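Biologist: I am new to this structure and would like to go through it step by step. Could we start with the metal site and then turn to the chain as a whole?

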Amino acid sequence: MVVLSVPAEVTVILLDIEGTTTPIAFVKDILFPYIEENVKEYLQTHWEEEECQQDVSLLRKQAEEDAHLDGAVPIPAASGNGVDDLQQMIQAVVDNVCWQMSLDRKTTALKQLQGHMWRAAFTAGRMKAEFFADVVPAVRKWREAGMKVYIYSSGSVEAQKLLFGHSTEGDILELVDGHFDTKIGRKVESESYRKIADSIGCSTNNILFLTDVTREASAAEEADVHVAVVVRPGNAGLTDDEKTYYSLITSFSELYLPSST
Ligand SMILES: CSCCC(=O)C(=O)COP(=O)(O)O
Ligand SMILES: [Mg+2]
């Protein structure tokens, strides 16, 4: 088995979710279709609620920023004029959400709505999050060795907690010391990793970030964070240069902590 030694200065392991702890197939085949199939009904049912109105406002603001993009779907401002107007507005939000999802966009607005929509499915037990078999045993071992474990995903913190709280391994939320999402910044920007270190109260070089996406690894590395790229079934392939440049692991069990036995 390949073994990757974790540098002695590392005290925090920062984990991506999709493609790292969790199969991309679970996200693409279960989580995302749930949104596409239910978004219209969800908006119709929850439209009057404060939370839903906040989600729509955020999506509208994002749509304004996206207006210059090819195929962008605008969301008109509410005029408050009757049932037809409401149905048109809901349809515009549905079309905007589906357009963003067709591009796998990671906007905070989209991720916030998705998190709120998944809540019902997870809490009713209709959905359970999948984790690769090596994840939970490794995280337990790291924590026993004194490591802190944090999550940094484009999925909203609320969605992250749903996944960890309702998984095929049971409620594993207690294994996580804290969560970060795109509210702290985009995963492909190095500043986000500096802010995460500040928020945790450590230096960037105390963090080891595990991700499947080399653009994220590169941004983290630019901030002096240690990185390893996780190669999982179903993940996007890496170029030969990326394979040579990055430390690669195919399972969390390949990480060796000098402090553990
Ligand atoms: C944690 S929510 C489900 C996944 C998701 O919506 C997503 O965008 C995952 O992105 P990641 O940064 O974990 O690769
Ligand atoms: Mg990922």
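Biologist: What spacing do the donors of the magnesium ion (ligand 2) follow along the chain?

Modeller: This is a predicted model, so what follows is computed from its atoms. Glu18 sits in the loop between strand 2 (12–15) and helix 1 (24–46), while Asp212 sits in the loop between strand 5 (207–211) and helix 8 (214–222), and the pair, 194 residues apart, links distant parts of the chain. Along the chain, the donors of the magnesium ion (ligand 2) follow the spacing D-x1-E-x193-D.

Biologist: At what distances is the magnesium ion (ligand 2) coordinated?

Modeller: Asp16 is listed twice, each time through OD, and Asp212 also contributes OD, whereas Glu18 contributes O. For the magnesium ion (ligand 2), the distances to these atoms are 2.2 to 2.7 Å.

Biologist: Is Asp212 buried or exposed?

Modeller: Buried means under 20% relative accessible area, and Glu18, with 15%, is therefore buried. Asp212 has a relative accessible area of 13%, so this residue is likewise buried.

Biologist: Why can the chain be called as compact as a globular protein of that length?

Modeller: The chain has 9 helices and 8 strands. For 261 residues the globule rule gives 18 Å, and the chain counts as that compact because its value is close to this, with a radius of gyration of 20 Å.

Biologist: What share of the 261 residues in the chain is buried?

Modeller: Along its principal axes, the C-alpha trace spans about 65 × 40 × 35 Å, and the accessible surface of the chain comes to about 12,400 Å², with 50% of it belonging to carbon and sulfur atoms. Among contacts with a separation of 6 or more, 69% join residues 24 or more positions apart. Of the 261 residues, the buried share is 52%.

Biologist: How far apart are the centres of the positive and negative side chains?

Modeller: The chain carries 23 positive and 41 negative side chains. The centres of these two sets are separated by 3 Å.

Biologist: Which residue in the loop between helix 8 and strand 6 (226–230) has a positive phi without being a glycine?

Modeller: One residue with a positive phi that is not a glycine is Asp104, at about 50 degrees, in the loop between helix 3 (82–102) and helix 4 (108–123), and it is partly exposed at 27% relative accessibility. In the loop between helix 8 and strand 6 (226–230), the residue with phi near 75 degrees, partly exposed at 49% relative accessibility, is Asp224.

Key. Residues are numbered from 1 along each chain as its sequence is written. Chains are lettered from A and ligands numbered from 1 in the order in which they are written. This is a predicted model: local features need pLDDT of at least 70, side-chain atom pairs count only at pLDDT 80 or more; totals for chains, interfaces and linings use all residues. Side-chain values use heavy atoms; hydrogens and water are left out. Donors are N, O and S atoms within 2.8 Å of the metal (3.2 Å for Na, K and Ca); water is not among the atoms, so sites may look incomplete. Helices (H or I, at least four residues) and strands (E, at least two) are DSSP runs, numbered from the N terminus. Buried means under 20% relative accessible area, exposed over 50%, partly exposed in between (1.4 Å probe, protein chains only). The radius of gyration is taken over C-alpha atoms; the globule rule is 2.2 Å times the number of residues to the power 0.38. Contact means heavy atoms within 4.5 Å. Accessible areas come from the Shrake-Rupley method with a 1.4 Å probe; for residues, only the protein chains shown count as cover. Lys and Arg count as positive and Asp and Glu as negative; His and the chain ends are not counted. The place of a charge is taken as NZ of Lys, CZ of Arg, CG of Asp or CD of Glu.
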